[in-house]
Amino acid sequence: MTHNLGLLASWQRVLKRELLLAYRQRNDILTPLIFFIIVISLFPLGVGPEPEILRTIAPGVIWVAALLATLLSLARLFNNELHDGTLEQLLLTPQPASVLVFAKIVSHWLTTGLPLVLISPLLALSLDMSSTALIYTMLTLLLGTPILSLIGAIGAALTLGLRGGGVLLALLILPLYIPVLIFSTGAIIAASNGFSAEGHLSLIGAYLIITLIFAPWVTSYALRVSLD
Amino acid sequence: MLQANALAAERGGQRLFSDVSFSLKDGDLLHLSGSNGSGKTTLLRMLCGLTLPVNGDISWQQKNIESNRDAFNADLLYIGHRHGMHSDLNALENLQLSTQQLSNSTMVFSALEEVGLSHHLNKPLRLLSQGQQRRVALARLLLESRKLWILDEPLAALDVDAVEWFSQRLAKHLENGGMAIVTTHQEASFISHVSINVVLGS
């Protein structure tokens, strides 16, 4: 009558469930995106409408806002699951927990990182970025935001259920986010000054591959420790 | 066969229990009792592999559960005192998108009918009562054919009819050669099937 699911089917099932949950909790999902838009729109007002200055600070502003918006979204990654007991069930499946954790991370990126990538051209225009800079902003966000979700998952799992976990989470993962910030803004600045951004992009790509390999595994291990 | 050997647990530096040993064979029902705070939930989580024992070891079919986690999980069904259901999804979605088993909507529907919830299919779980949520969680017993059931207070918040239904379902599971470990503070007819009693804190 019943049989255990294959690995891929389980993976798809977790992803589907996570996306359905995200849809049901869409107010929570929109918070990071709105935060991202507000922070960036405030800069022209605060700094003054000097196109020169805005263009100079734009890569940094967009990327710092993306970092903080992701940080804001991490608290809900495992918290509800901890309280309703579904996290225990996730660790008790016959499939390797890291694969299912990876589905959760993918869903987190689809609902947090991807919206930032899609809205970024609009915000880049409000900061008077050139078309080259705009393209590279999108490209670095597309490569970089998955890294933010992957590393963020490790931090969220480690600080799960801790009081004051929010501050600890920031202290834990922001140092790991800094390479993404440096290489991404570096790529945008290089490209908009007419230099090659290939070196920066390769480094972000390498960082993405490393985190793709290790983060789901480390996260599932951290979850086991946090649930013990 | 599930074998527990000299298990001990600590919480916050304090010894909860020590030297708990038993072995559970096909068709056995273990009833775990003890006062509040004696470590019943800790022991159940330990038997699932969620909490590591301070001392002792647990083996399933002669293999340590730590090193054979995936194979053990394929035989295990655990329902904790937290239901393990998403409160923003309805009963149908919760059971259909469960990570544990593949079941089509007809099977899920008939399972929900059997636990008496066919009228509340489209309500998110948070709108159902505690007892109804527990019934949804227990519907998993019908959908997943697992050899070992570990149930933490399965009767909490259930009404008389549901308790009776559960007792019958459990008896059938044991008849078919299944094993179960259950804690409860309530009177129920399945107590007559208990073959091993473990009392903590004595």
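Modeller: Two residues are in contact if their C-beta atoms, placed from the backbone, lie within 7 Å. Please keep in mind that the structure above is a predicted model.

Biologist: With that in hand, how many residues does each chain bring to the contact?

Modeller: Chain A contributes 29 residues to the contact, and chain B contributes 28 residues. On the side of chain A that touches chain B, the elements giving two or more residues are α1 (7–24) and α5 (86–91) of chain A.

Biologist: Which element gives the largest share of that side of chain A?

Modeller: The largest share of the side of chain A that touches chain B comes from α1(A), with nine residues. By character, the residues of this side of chain A divide into 13 nonpolar, nine polar and seven charged.

Biologist: Helix α1(A) also meets another helix of chain A, α6(A). How should the meeting of two helices be read?

Modeller: One looks at the axes, at the handedness and then at the residues. The axes of α1(A) and α6(A) come within 9 Å and cross at roughly 35°. The crossing in which α1(A) passes α6(A) is right-handed.

Biologist: Which residues of α1(A) and α6(A) meet?

Modeller: On the α1(A) side, they include A:Leu7, A:Trp11, A:Val14, A:Glu18 and A:Ala22. On the α6(A) side, A:Val99, A:Ala103, A:Lys104, A:Leu110 and A:Thr111 are among them. The general idea behind such spacing is that an α-helix has 3.6 residues a turn, so residues three or four places apart point the same way. In this contact of α1(A) with α6(A), the residues divide into eleven nonpolar, three polar and two charged.

Biologist: How is the straightness of a helix judged?

Modeller: Its reach may be set beside the expected reach, and a bend may then be sought along it. Helix α6(A) has 30 residues and reaches 43 Å from its first C-alpha to its last, close to the 44 Å expected at 1.5 Å a residue. Even so, α6(A) has a kink of about 45° at A:Ser120, shortly before the proline A:Pro121.

Biologist: Where does α2(A) bend, and by how much?

Modeller: The bend in α2(A) is about 25° and lies at A:Pro32. This helix, residues 26–47 of chain A, has 22 residues and reaches 32 Å between its first and last C-alpha atoms, close to the 32 Å expected. A:Pro32 is also one of its buried residues, together with A:Phe36, A:Ile40 and A:Phe43.

Biologist: Against which elements do the buried residues of α2(A) pack?

Modeller: They pack against α3 (51–74) and α6 (97–126) of chain A.

Biologist: What follows each of these helices, α2(A) and α6(A)?

Modeller: Here the backbone angle phi is of interest. After α2(A) comes A:Gly48, with a positive phi near 105°. After α6(A) comes A:Asp128, which has a positive phi of about 60° although it is not a glycine. A:Asp128 is placed in the loop between α6 and α7 (131–158) of chain A.

Biologist: Which residue of chain B also has a positive phi without being glycine?

Modeller: B:Asp19 has a positive phi near 60°. B:Asp19 is found in strand β2 (residues 14–24) of chain B.

Biologist: Why is B:Asp19 counted as exposed, but A:Asp128 as partly exposed?

Modeller: The count of other C-beta atoms within 10 Å decides: 12 or fewer means exposed, 20 or more means buried, and the values in between mean partly exposed. B:Asp19 is exposed because it has 10 such atoms. A:Asp128 is partly exposed because it has 16.

Biologist: Is B:Met85 buried or exposed?

Modeller: B:Met85 counts as buried, because it has 27 C-beta neighbours inside 10 Å. B:Met85 is located in the loop between β6 (76–79) and α3 (91–96) of chain B. Among the residues that B:Met85 touches are A:Asp84 and A:Thr86 of chain A, and B:Leu125 and B:Val136 of chain B.

Biologist: How should separation along the chain be set beside separation in space?

Modeller: One gives both values for a pair. A:Leu68, in helix α3 of chain A, and A:Val39 are 29 residues apart along the chain, and their C-alpha atoms are separated by 9.7 Å. B:Met85 and B:Glu113 are 28 residues apart in sequence and 18 Å apart in space, C-alpha to C-alpha.

Conventions. Residues numbered from 1 in each chain as written. Chains lettered and ligands numbered in written order. Predicted model: local features only at pLDDT ≥ 70, side-chain atom pairs only at ≥ 80, totals over all residues. Helix = DSSP H or I, 4+ residues; strand = E, 2+ residues; numbered from the N terminus. Nonpolar A, V, L, I, M, F, W, Y, C, P; charged D, E, K, R; others polar. Expected span 1.5 Å × (residues − 1). Bend = angle between axes of the 7 residues up to and from the residue. Axes fitted to C-alpha atoms, helices over the stretch in contact; angles between N-to-C directions. Left-handed = near helix turned anticlockwise from the far one by under 90°.
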